[in-house]
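Trainee: I have a structure to work through. Can we take it in short questions and answers?

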Amino acid sequence: MIRLFAISAVLFVGPCLSQHVALGQDTPVARPLGSPLGSPTTPWPSERVELVDGRHYEGLIESVDDAWIHLFQIRRPTGRPVFLVIRPIERSRIASVDRLEPDQRAELRQHIDRFVNRARIEAVRTNAIELGSIAHGGIDYRRYRGKWFDVETTIDEESTRRTIVRAEQIFTAYRQILPPRVESRRPLRLVVLDSVGEYQTYLARMGIRIQSPACFIPADNLVVVGSDVSRFAAQLDEVNTRHDHIRTDLETLETRLPERLADFSRRLKQDGTSRSETGKLLLKERSKFEIEIRKKRKELLCCDRDNRRVFEDATGQMFQWLYHEAFHAYLENYVFPSDRDEVPRWLNEGLAVVFEAGLLDSYGLRVDTPNRQALRLLQADLQSDRPLSLGQLLEAEPAAFLVDDGANRHYAHAWGLVYYLTFEKHLLSNAALDRYVDHGSSGATPVQSFEQLVEMPIDQFEKAWRQYIAQLK
């Protein structure tokens, strides 16, 4: 019988710049598993603008003219992507302004630039991906050979490159949150197919018939996922073309600024304008030109937002499937191989659902709010007449996570237990986790092993856990 991990059929995934510009993902920072993932980071230095009505705004003062101050703000709201706000503030409304020292301002500027240039940075990464080709069963695949995994896809080239960058990012998050213990003994393959139909055909050739939208097949060290990218390819091309035009216009404006000011200065000199008047007129000319540049930057950021929206529409659910199944593969290849360790299915699936719902951005894999769909299902089940008990979850056979009628209930309970152990009890430190997966060779029952992990009887633990889940929002 083929052993595989597969996602349940129902997953737990669930005016332009003047408001906000959603920005995307980047390489995460290290964070041990036992610490609260996505917890607030150290506050950045900021400049402060106090208004006459008592309100204030903090960020980086990007420019100042006779009528306006323009403030850049980076927002990191809980459970939402990081985004950038460009806030124009009328000088007549301002009571006071506090500026940073040059070194602190440079630090804050670095954070701002990281977001403003994020699309360009990711484009460089995307274009640097080296692609080859390979054929299986008469079908041509684009191929990527990486250190941690190989990728084979039938999706278009641009989406292939972006998918590889995203896969590299999530594997970085896996490694930093749950560090590798072992070297993989054979290549791990991620196969991303252009449609669900292709996905089902691919699995059928292997003698596998499942309804799940993605799966990990340990025997072949293979993760397979279907996508819906091709349907959005034309929209992506259109947005990318518009982005290139706006970027060219912006670079032209920025390059011409010194030349335009020099020409203007020469004309004023030829006209006999006094030095003091020339200074005032040059300042106004610079301000006019900088307004053009700001408008073009806003256009570019809005275009980046549209590009990301279209790409996320095409790939959002697919990536959640991929994050979930690729975590199973990562755990098997680099952390707890099944021929050496015994990871209970509830723990394996619970961790996969945590990663599946994670928000990957420039500052880490953030899991700073509960998985809403899993939480709703778990709370409803715990309030039902026949809730799944922790004992039943701990003793559940792997097949319980593959049966459509019961899989989601098991997934929800597994997620809720992992979430509690990680965020509330902080018990999933590396050492504790290593000891727990070693319990399979001790002869202890699943419940006994778990009681050793949490250092209390299961009924006492379950009571506290249910109270915690009941108050989550």
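Mentor: Start with a definition: buried means under 20% relative accessible area, and exposed means over 50%. Keep in mind that this is a predicted model.

Trainee: Is Thr153 buried or exposed?

Mentor: Thr153 lies in strand β10. The relative accessibility of Thr153 is 0%. The cut-off for buried is under 20%. Thr153 therefore counts as buried.

Trainee: Which side chain forms a polar contact with that of Thr153?

Mentor: Setting aside residues up to four places away in sequence, Thr153 touches Asp140, Tyr141, Arg142, Thr160 and Val192. A polar contact of 2.8 Å joins the side chain of Thr153 to that of Thr160.

Trainee: How confident is the predictor, as an average pLDDT over the protein?

Mentor: pLDDT runs from 0 to 100. Of the residues, 78% score at least 70. The protein averages a pLDDT of 79.

Trainee: Over which residues is the pLDDT below 50, and how many contacts does the stretch have beyond near neighbours in sequence?

Mentor: The stretch is residues 9–41, where the pLDDT is below 50. Beyond near neighbours in sequence, the model gives this stretch 117 contacts.

Trainee: How many aromatic pairs does a search of the whole structure find? And why is the pair of Phe149 and Phe171 called what it is?

Mentor: The search finds 19 aromatic pairs. The ring centres of Phe149 and Phe171 are 4.6 Å apart, and their planes meet at 45 degrees. Under 30 degrees would count as stacked and over 60 as edge-to-face. The pair is therefore tilted.

Trainee: How many residues apart in sequence are the parts that this pair, Phe149 and Phe171, ties together?

Mentor: Phe149 lies in the loop between β9 (139–145) and β10 (150–153). Phe171 lies in helix α4 (residues 157–177). Both residues, Phe149 and Phe171, are buried. The parts tied together are 22 residues apart in sequence.

Trainee: Which aromatic residues form one cluster?

Mentor: Phe149 and Phe171 belong to the cluster. The full set is Tyr144, Trp148, Phe149, Phe171, Tyr174, Phe327, Tyr330, Tyr334 and Phe355.

Trainee: How many residues has the largest nonpolar core, and which helix gives the most to it?

Mentor: The largest nonpolar core has 79 residues. Those with the most contacts inside it are Phe171, Trp346, Leu417, Leu421 and Phe450. With twelve residues, the helix that gives the most to this core is α7 (residues 275–335).

Trainee: Which residues is Leu417 in contact with, leaving aside neighbours within four places in sequence?

Mentor: Leu417 is one of the residues with the most contacts inside the largest core. Two others with that standing, Trp346 and Phe450, are also in contact with Leu417. The full list is Trp346, Leu390, Leu393, Leu394, Phe450, Phe461 and Trp465.

Trainee: How far apart in space are Leu188 and Val223, C-alpha to C-alpha?

Mentor: Leu188 sits in the loop between α4 and β11 (189–193). At 1% relative accessibility, Leu188 counts as buried. Leu188 and Val223 are 35 residues apart in sequence. In space, C-alpha to C-alpha, the distance is 8.0 Å.

Trainee: What is the phi of Asn221 near, and where does Asn221 lie?

Mentor: Most residues other than glycine have a negative phi. Asn221 has a positive value, near 50 degrees. Asn221 is buried, with a relative accessible area of 2%. Its place is in the loop between β12 (214–217) and β13 (222–226).

Trainee: Where is His426 found, and what is its phi near?

Mentor: His426 is found in the loop between α11 (404–424) and α12 (430–437). With a relative accessible area of 38%, His426 is partly exposed. The phi of His426 is positive, near 55 degrees.

Trainee: Last one: is Arg386 buried or exposed?

Mentor: Arg386 lies in the loop between α9 (372–382) and α10 (390–395). Not counting residues up to four places away in sequence, Arg386 touches Asp381 and Arg409. The relative accessibility of Arg386 is 73%, so Arg386 counts as exposed.

Conventions: Residues are numbered from 1 along each chain as its sequence is written. This is a predicted model: local features need pLDDT of at least 70, side-chain atom pairs count only at pLDDT 80 or more; totals for chains, interfaces and linings use all residues. Side-chain values use heavy atoms; hydrogens and water are left out. Rings of Phe, Tyr and Trp (its six-membered ring) pair if their centres lie within 6.5 Å; planes under 30 degrees apart count as stacked, over 60 as edge-to-face and the rest as tilted. Helices (H or I, at least four residues) and strands (E, at least two) are DSSP runs, numbered from the N terminus. Buried means under 20% relative accessible area, exposed over 50%, partly exposed in between (1.4 Å probe, protein chains only). Contact means heavy atoms within 4.5 Å. A nonpolar core is a set of buried Ala, Val, Leu, Ile, Met, Phe, Trp, Tyr and Cys residues joined through side-chain atoms within 4.5 Å. A polar contact is a pair of N or O atoms within 3.5 Å; within protein, one must be able to donate a hydrogen and the other to accept it, and residues adjacent in sequence count only if both atoms are side-chain atoms.
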